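Here is a friendly briefing on a ligand and the protein that surrounds it. Have the viewer at hand as you read.

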Amino acid sequence: MEIDAIREVALRAAKEAGAILRQGLEQQRIIEFKGEKNLVTDIDRRSEKAIAEIVRRELPHHSVVCEEGTRLQGDSGYRWLIDPLDGTTNYAHGYPCFSVSIGVEKDGELIFGLVYDPSLEELFTAERGGGAFLNGKRLQVSAIASLSHALLATGFPNDVAGAKHNNLDYFVRFMKRAQGVRRPGSAALDLCYVAAGRFDGFWELKLHPWDMAAGSLMVTEAGGRVTDLHGGPHRLSNPQILANNGLLHDEMLRVLTMED
Ligand code: IPD
Ligand code: CA
Ligand code: CA
């Protein structure tokens, strides 16, 4: 079965990438700037090369899209969306909150997701219709039903200083209403934490398909809800995402769409 091969290859690739990330933390990292606040390290690229190489070798008929530019064209309808290091700013500073994110689509529908946190040795996996798991243990979103009791997470785009839609307005609104709001720095992990019930909700405005692919499947497979910021269906081509345990969805939407 193709899904068995996908699971096995993704796991092997993530473990190899995780070892590269862990080892990279022990050495001086070469940091390049894609923009003033948009970093990439030599380790992002090494991680990407290792993952893409494994997929190319083992599943040559699958397409691959990676954040740092690797593209492989297959003819099978399978497409891998890969963030070889989600949380590069944290990583560059040695702050141990980062992950490897691998999502797989079949004919445009997400069928598999894996997010690996090599610092905590936490492996999140999900398969469409098969549930979401953390190190093999089934995940369930939280049961928190009101924003005043909720712990939320979000993130900010690299152009936060200059852009009009920089999320600071939503951040202030939620800070005033929720029990707490965190900005950990790895969107893929934020989504997994919603799936695990560690966060009750998450939203962000300017993400890429490789940030959200694996994590969004994780949330829905753990019983949560994922939409755009207006409550419509979420597509990976849409950079805006709202994910939560489902119980908080209407209240979070009201906050997002209210007039200040
Ligand atoms: C970033 C992280 C961060 C989010 C940014 C992303 P990167 O990805 O997911 O949490 O707030 O929007 O760009 O650049 O570290 O792979
Ligand atoms: Ca990312
Ligand atoms: Ca990245």
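In this predicted model, 15 residues surround ligand 1, and those that come nearest are Asp 86, Gly 87, Thr 88, Gly 185 and Glu 204. The points below take up the site's location, the make-up of the shell, and the contacts.

**Where the ligand sits**
- If you are setting up a search box, note that the largest pocket is the one that holds ligand 1.
- Ligand 1 lies between domain 1 (2–138) and domain 2 (147–257), because both domains give residues to the shell around it.

**What the shell is made of**
- By class, the shell around ligand 1 has six charged residues, five polar ones and four nonpolar ones.
- Strand β5 (residues 78–86) supplies three residues, the largest share of this shell.

**Polar contacts and cover**
- A polar backbone atom of Thr 88 is 2.8 Å from an oxygen atom of ligand 1.
- Gly 185 also takes part through its backbone, with a polar atom 3.1 Å from an oxygen atom of ligand 1.
- For Ser 186, a backbone N or O atom lies 3.2 Å from an oxygen atom of the ligand.
- On its own, ligand 1 has 380 Å² of accessible area, and the protein covers 90% of that.

Definitions and conventions:
Residues numbered from 1 in each chain as written. Chains lettered and ligands numbered in written order. Predicted model: local features only at pLDDT ≥ 70, side-chain atom pairs only at ≥ 80, totals over all residues. Heavy atoms only, no water. Near = heavy atom within 4 Å. Polar contact = N/O pair within 3.5 Å; in protein donor to acceptor, adjacent residues only side chain to side chain. Areas by Shrake-Rupley, 256 points an atom, 1.4 Å probe, with all protein chains shown as cover. 1 Å grid on protein atoms, 1.4 Å probe; cavity = no way out; pocket = protein on both sides within 12 Å on 5 of 7 lines; lining within 4 Å. Sits in = over half its atoms within 2 Å of the grid points. Helix = DSSP H or I, 4+ residues; strand = E, 2+ residues; numbered from the N terminus. Nonpolar A, V, L, I, M, F, W, Y, C, P; charged D, E, K, R; others polar. Domains from an automatic or database assignment.
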